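Please read these notes with the structure open beside you. They deal with the metal sites and the residues that hold them.

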Amino acid sequence: MEIDRRAFIASLGGAAAVAAMDHEAKAEALEHYMEDQLDQQVAANQGGQPDKFPTVAEIEAQIETRPFRRGTGGVFTGQRGQNVKKITPMPDKPTLKDFFELRFAPANHVLQSATRALKTGMSEEITLACLLHDCVLSLIKPDHGWWGAQLFEPYIPEKSAFAIRYHQTLRFFPDEQAGYEYPDQYYRIFGHDYTPPQYIQDTYKMLKNHKWYMEPRLVTVNDLYAFDPNAKVTIEPFTDIIGRHFKQPKEGLGYDNSPSAHMWRTLARPDNPL
Ligand SMILES: [Fe+2]
Ligand SMILES: [Fe+2]
C-alpha cells in the first residue's frame, strides 16, 4: 500500500508531534493509519462492505498486542498510539456544554445522531438521549448504556435515561419494522460470530414487552456510523432542548453531591492518580 507521507504526518498532528513520538509509538501510529486506509479502500471498492470481518477469536488474539484494554475511556488514552496531551482544566462550575467542548469533543458521533433525530422529528426526550447516548465512552466503554444512564440520570427526564441505558442492548437486535438493521460495525468490532451475553439477551426480552421499548429503539435508529466527514455539527442547535430538559446544577457538574457527581469529577481530572 502506498503511504501519503504528508497526510500521515498531518493525521498525527504535524511534524513536531511526530518528532516527539518514540519509535514504538510511530510504528503503532503507522499501523493504525494503514489499517484505516485499507478499510477505506476496501469499503470504497465494495460499496461500503469490507470483504472479511474478523472472528471473535481473532479479536481476542489482539488483546495482548496493546498497552491498554479496549474498554478504557477515551480521556485516558492517546490518539493513534500517541502520548496523551495535557488536558484543559474545567471551569469552576462546569456545565454540560463545557464537558462537550473540553471532554467529549469532537463528539461528532453523538452530535450527528442528535442532528438526525431533530431532522426526523423525534421527541425532545429522544433527541436529548441521542445527544448524550455515547458521551460516557470518554469515561468507560463496557456496559456504556448503563454507565451513561447513571451519569446523566440525576439531570434528565426518566425517558431519556431509559433510552440511554437500553440503546446498548437494542443495538444487537434488528427491528425491521422500526428500520433498524444489525450494524456492520459490530461484525468488525465484536467479530462476525459474536453472540451477546445472556444478560443482554435477558434485557432484550424484558424490553420487548416494555411500554417504553420505542425510546431506546429510536436511539438505535438514529445511531449511525456512516458519517459524513464534511458535515459540520455543533451543540448550538440543541441549546433550547438542553435548557428545557437538562437540570444544570448551580454548583456545577461534579459539585452538587448527586449520585453521579464523582463520575463528572473523574472526567474533569483524569490525571489524578487516586
Ligand atoms: Fe452506544
Ligand atoms: Fe452510538
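1. In this predicted model, the iron ion (ligand 1) has as protein donors Asp-134 (OD), His-144 (NE2) and His-167 (NE2), at 2.1 to 2.2 Å. Donors are N, O and S atoms within 2.8 Å of the metal (3.2 Å for Na, K and Ca); water is not among the atoms, so sites may look incomplete. The spacing of these donor residues in sequence is D-x9-H-x22-H.

2. Asp-134 sits in the loop between helix 7 (124-132) and helix 8 (144-152), and His-144 belongs to helix 8, so the pair ties together parts that are 10 residues apart in sequence. Helices are DSSP runs (H or I, at least four residues), numbered from the N terminus. Both Asp-134 and His-144 are buried, that is, under 20% relative accessible area (1.4 Å probe, protein chains only).

3. The iron ion (ligand 2) is bound by His-109 (NE2), His-133 (NE2), Asp-134 (OD) and Asp-223 (OD), lying 2.0 to 2.2 Å from it. Asp-134 coordinates both iron ions, which are 3.6 Å apart.

4. Why is the arrangement around the iron ion (ligand 2) irregular? The angles subtended by its four donor atoms run from 80 to 169°, which makes it so. Four donors count as tetrahedral if all angles lie between 85 and 135 degrees, and as square planar if opposite donors are over 155 degrees apart and all others between 65 and 115.

5. Residues are numbered from 1 along each chain as its sequence is written, and ligands from 1 in the order in which they are written. Local features need pLDDT of at least 70, and side-chain atom pairs count only at pLDDT 80 or more, while side-chain values use heavy atoms.

How values were computed. Helix = DSSP H or I, 4+ residues; strand = E, 2+ residues; numbered from the N terminus. Buried < 20%, exposed > 50% of the residue type's maximum accessible area, 1.4 Å probe, protein only. Tetrahedral: all angles 85-135°; square planar, octahedral: opposite > 155°, others 65-115°.
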